[in-house]
Amino acid sequence: MRFETPFSDAQGGSGGFGGPDGKGRANSPDCMDPASVIPATRKLLSAFIFSICVSLLGNIAAACAACLVSLLLILLFRLPWRRLLKILLPVNFFFLFLWIMLPLSIFAPGSGQEPGFASGQAVLLFNLGPFYFYQSGLLLAALITLKGNAIAAMLLALAGTSGISENCRALRRLHVPEKLVMLLLITHSNLGLLAQEAKVIRQAAKLRGFTPRTSPSGYRTLAWLVGLLLVRAWQRAKRVEEAMLLRGFNGRFPLLHLDGAKDIPATGVAGGTGGDSFANRRGDLLLAGLALCSLLILFGDLVIL
Amino acid sequence: MHISEGVLSAPVLLSGGALAVLGLAYSLRKMPWQHIMSVGVLAAGFFVASLAHIPIGPSSVHLILGGLMGAALGWAAFPAISVAMFLQALLLQFGGLTSLGANISIVGYPAVFCGLALRPFLASASFKIRNLGAFFCGFLSVLFSAALSATALAASGADFFSSAWMLFTAHVPVMFIEGLLTVAIVNFVIRVTPDLLGLAGTTRYEV
């Protein structure tokens, strides 16, 4: 059994590229890093608008333009290429499956049921026995791959460059329910700990000579290891819950109202927009630029179609 | 089980998102603030546990554990799954922001319904009934999720029919493995901490 998690190496830190509160590159003295200067709220909102526009595209040229915009932003933010490719690689496994499945059809050309028959443009590429490969499926797979990679790269460049606490605060400002954001924060902060726990469990099993196999006893032992992890999580959950109840946690961390101090909301956001005006202006520029790009691409897509 | 960004059509994305928002609104209202800590920690536990690789011959699959999550957390499993999905979209790029709603609905609803429907069987004192309940808890949650994702794919265009069918077929072995492992996990958990499944006092400690 391998518990392969991206969290074991970045305990409690942010995923992606590590933001200002992670241990990523933003700890460098270069404070004018364009990625960290822009507020997370705007980055998240921009990523969302871009995602929606790009996922609606139906034309390969427009999808290429979207990819170009993502690429430009990655260059602008100076993200490490190696990390980026490592994260994007598993995303493309699903697309690989589509590259094989979409052009494939069991209907011969001229049978009236081949893909693209209605539009009269069924172009057969080649056939392997009873399986026929059509061009239209290949084009669709290419379109989906371009769109998916453009969106994933954009999300990495925008959401991956701010830490999880920043992203949570941004979500709060975007009026995501406080309970959900709190849950996100707690889950994320416990991931590293439980990944560590899983590592210990796995090591203990290995020390006792366990190697995962496809057999009844192998599966039973694996299930016990997973069960043990769940039991540990449960014990931790109970301890934390009791400790929080003891401190009067009720969605807020209560303080004694001695000098007019207010209770601290769980997600640490009391309202207001935060960030200095310079950063805000840059964030606005990014948001406006990206929205314009997305709309232009979408418009171009509609016109070409 | 994740459907990547850029595949689904706009109506499917919209209805998936709307269903996810509905489920979230209901389950968040139902979940008291006091439980949020344990739900969060358990969600992290299930997340890490689902990353374990289970070997089948030379290849391997990973568990989803949706049914078990539904049995342990009830409706609270819905926000827990949503948060796990969001983290996966953010950190691992599995799924994405626009397909997030559809993915949450695909995994969340089967998990909650299987968990809630089969929980009485898990609480049964009879060894046999409990094992059957646990098996179907795992099996059915994956079956329904696979069926939902295949439906979402097929509804996005006629070009995706064969892919949808293939996606469903590929999940058939996963259903059996998930079912069998859920039985073993439930038996282990009930012996060690019956409270985890909300079943305190129902065990007879069979061997």
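Angles between helix axes under 35 degrees count as roughly parallel, over 145 as roughly antiparallel, 65 to 115 as roughly perpendicular, and the rest as oblique. This scale is applied below to one helix pair in a predicted model.

The pair in question is α7 and α8 of chain A. Helix α7 spans residues 178-207 and helix α8 spans residues 216-246. Their axes come within 10 Å of each other. They cross at roughly 140 degrees. Angles over 145 degrees count as roughly antiparallel and those from 65 to 115 as roughly perpendicular, so α7(A) and α8(A) are oblique to each other. The crossing of α7(A) past α8(A) is right-handed.

Which residues of α7(A) and α8(A) meet? On the α7(A) side they are A:N190, A:L193, A:L194, A:E197, A:A198, A:I201 and A:A205. On the α8(A) side they are A:L225, A:L228, A:L229, A:R232, A:A233 and A:R236. By type, the residues of this contact divide into 9 nonpolar, 1 polar and 3 charged.

Helix α8 of chain A also holds A:L230. Its relative accessible area is 1%, and buried means under 20%, so A:L230 is buried. The C-alpha atom of A:L230 is separated by 9.3 Å from that of A:L194, and the two residues are 36 apart along the chain. A:L194 is one of the α7(A) residues in the helix contact described above. A:L230 also reaches residues of the other chain. It touches B:L42, B:G45, B:F46, B:A49, B:L68, B:I185 and B:L196.

The loop between α6 (164-173) and α7 of chain A contains A:H175. This residue is not a glycine, yet its phi is positive, at about 65 degrees. Is A:H175 buried or exposed? Its relative accessibility is 71%, and exposed means over 50%, so A:H175 counts as exposed.

Chain A as a whole contains 9 helices and 5 strands. From the N terminus on, the order is α-α-α-α-β-β-β-α-α-α-α-β-β-α. The chain has 305 residues, and buried residues make up 45% of them. Contacts between residues at least 6 apart in sequence were also examined. In chain A, 73% of these join residues at least 24 apart. The accessible surface of chain A comes to about 15,600 Å². Carbon and sulfur atoms account for 65% of that surface.

Chain B contains 8 helices and 2 strands. Along the sequence, its pattern is α-α-β-β-α-α-α-α-α-α. Of its 207 residues, 65% count as buried. Among its contacts between residues at least 6 apart in sequence, 72% join residues at least 24 apart. The accessible surface of chain B comes to about 7,300 Å², with 73% belonging to carbon and sulfur atoms.

Two loop residues of chain B are linked by a contact. B:S50 is found in the loop between α2 (36-49) and β1 (53-56). B:L65 lies in the loop between β2 (59-62) and α3 (66-73). What does B:S50 touch, leaving aside residues up to four places away in sequence? Its partners are B:H62, B:L63, B:I64 and B:L65. B:S50 has a relative accessible area of 11% and is buried. B:L65 is buried too, with a relative accessible area of 1%. The backbone of B:L65 has a further feature. Its phi is near 60 degrees, a positive value in a residue other than glycine.

A third loop residue of chain B is B:S99. It sits in the loop between α4 (77-92) and α5 (100-122). Its relative accessibility is 1%, under the 20% limit, so B:S99 counts as buried. Setting aside residues up to four places away in sequence, B:S99 touches B:I3, B:S4, B:E5 and B:L13.

Helix α5 of chain B, which follows that loop, contains B:F113. Why is B:F113 called partly exposed? Its relative accessible area is 48%, and partly exposed covers values between the 20% and 50% limits, so B:F113 belongs in that class. The C-alpha atoms of B:F113 and B:A71 are separated by 8.9 Å. Along the chain, these two residues are 42 apart.

How values were computed: Residues numbered from 1 in each chain as written. Chains lettered and ligands numbered in written order. Predicted model: local features only at pLDDT ≥ 70, side-chain atom pairs only at ≥ 80, totals over all residues. Heavy atoms only, no water. Helix = DSSP H or I, 4+ residues; strand = E, 2+ residues; numbered from the N terminus. Buried < 20%, exposed > 50% of the residue type's maximum accessible area, 1.4 Å probe, protein only. Contact = heavy atoms within 4.5 Å. Areas by Shrake-Rupley, 256 points an atom, 1.4 Å probe, with all protein chains shown as cover. Axes fitted to C-alpha atoms, helices over the stretch in contact; angles between N-to-C directions. Left-handed = near helix turned anticlockwise from the far one by under 90°. Nonpolar A, V, L, I, M, F, W, Y, C, P; charged D, E, K, R; others polar.
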